[in-house]
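Please read the following note with the sequence and the structure at hand. It is written for a reader who is new to protein models.

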Amino acid sequence: MLLLLNASFVNLIKATSTNCKNTPPQSTGPFYKVPSKIFNNDMTNNGKASGKRIKVYGKVLDNKCKPITNAVLDIWQANSFGKYNHQADLSESRKDNDFYGYIRLESNEEGEYSFNTILPGSYKVSKNLIRTPHIHFKVTNNQKQLTTQMYFKGNEMNNKDFLFKNTYNNNALEARIDQSFSNLTYKFDIII
Ligand SMILES: [Fe+2]
């Protein structure tokens with residue numbers, strides 16, 4: 001009896017200590033646009049885009065760590081030269097016609113999403129401000145919506161980035177390499 005009570009107590013502690021903290025929000029930035037159609041999960045035009053190919057995957061969860069199914073993920077990023085496929089991007093960085101730069105995905109019944117892309121380039125915001133490589137996410141589910149940005153853990157530019165370094169709990173925004181894949185794969189869970 002005592003053993004049973006102890007076991008339930010341990011389970012209760014486990015259950016209450018499973019607490020997913022909300023992913024910190026980040027600004028939308030000037031280069032958001034609604035994708036004109038639902039794209040497949042490849043931004044690279046079957047590998048023709050310039051740059052280092054990567055895969056990004058993860059789960060959309062609520063703050064009890066429960067998977068959120070059918071969440072809509074709008075994802076956008078700069079190409080490998082640091083230029084967005086957007087009319088407001090007036091930088092002289094190179095365009096890449098094989099890199100679309102926008103996709104819309106839905107999380108599956110386990111809350112999972114994944115896509116293939118390239119490592120985004122960094123870009124200048126002004127003479128002295130440079131954005132570290134990042135990928136923008138807008139995640140929508142029923143009444144909930146989160147706009148945020150994913151960074152690459154280990155990139156030494158992160159801690160010099162004005163937006164990243166001024167974000168509380170910013171380690172939750174750093175995607176980590178998943179060594180269990182042979183191709184370069186980053187894992188990024190999003191809690192909304
Ligand atoms: Fe950006």
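The points below take up the overall make-up of the chain and then the pairing of one strand.

1. The model under discussion is a predicted one. The protein chain contains two helices and eleven strands. Read from the N terminus, the elements follow the order α-β-β-β-β-β-β-β-β-α-β-β-β.

2. The protein chain has 192 residues, of which 29% count as buried. Among its contacts with a separation of 6 or more, 71% are between residues 24 or more positions apart.

3. Which strand runs antiparallel to β1, and over how many bridges are the two joined? Strand β1 covers residues 53–61, and seven bridges join it to the antiparallel strand β4, residues 112–118. Within this pair, the residue of β4 that stands opposite V56 is F115.

4. Strand β1 is also joined to strand β10, which covers residues 185–187. Here the two strands run parallel, and three bridges connect them. V56 appears again in this pairing, with Y186 of β10 as its bridge partner. The student may therefore locate V56 in the structure and look for F115 in β4 and for Y186 in β10.

5. A further pairing of β1 is with strand β11, residues 190–191. In what sense do β1 and β11 pair, parallel or antiparallel? The sense is parallel, and the pairing extends over two bridges. V60 has I190 of β11 as its bridge partner.

6. In summary, β1 pairs with β4 in the antiparallel sense, with β10 in the parallel sense and with β11 in the parallel sense.

Technical notes: Residues are numbered from 1 along each chain as its sequence is written. This is a predicted model: local features need pLDDT of at least 70, side-chain atom pairs count only at pLDDT 80 or more; totals for chains, interfaces and linings use all residues. Two strands pair if DSSP finds at least two bridges between them. Helices (H or I, at least four residues) and strands (E, at least two) are DSSP runs, numbered from the N terminus. A residue is buried if 20 or more other C-beta atoms lie within 10 Å of its own, exposed if 12 or fewer, and partly exposed in between; C-beta atoms are placed from the backbone. Two residues are in contact if their C-beta atoms, placed from the backbone, lie within 7 Å.
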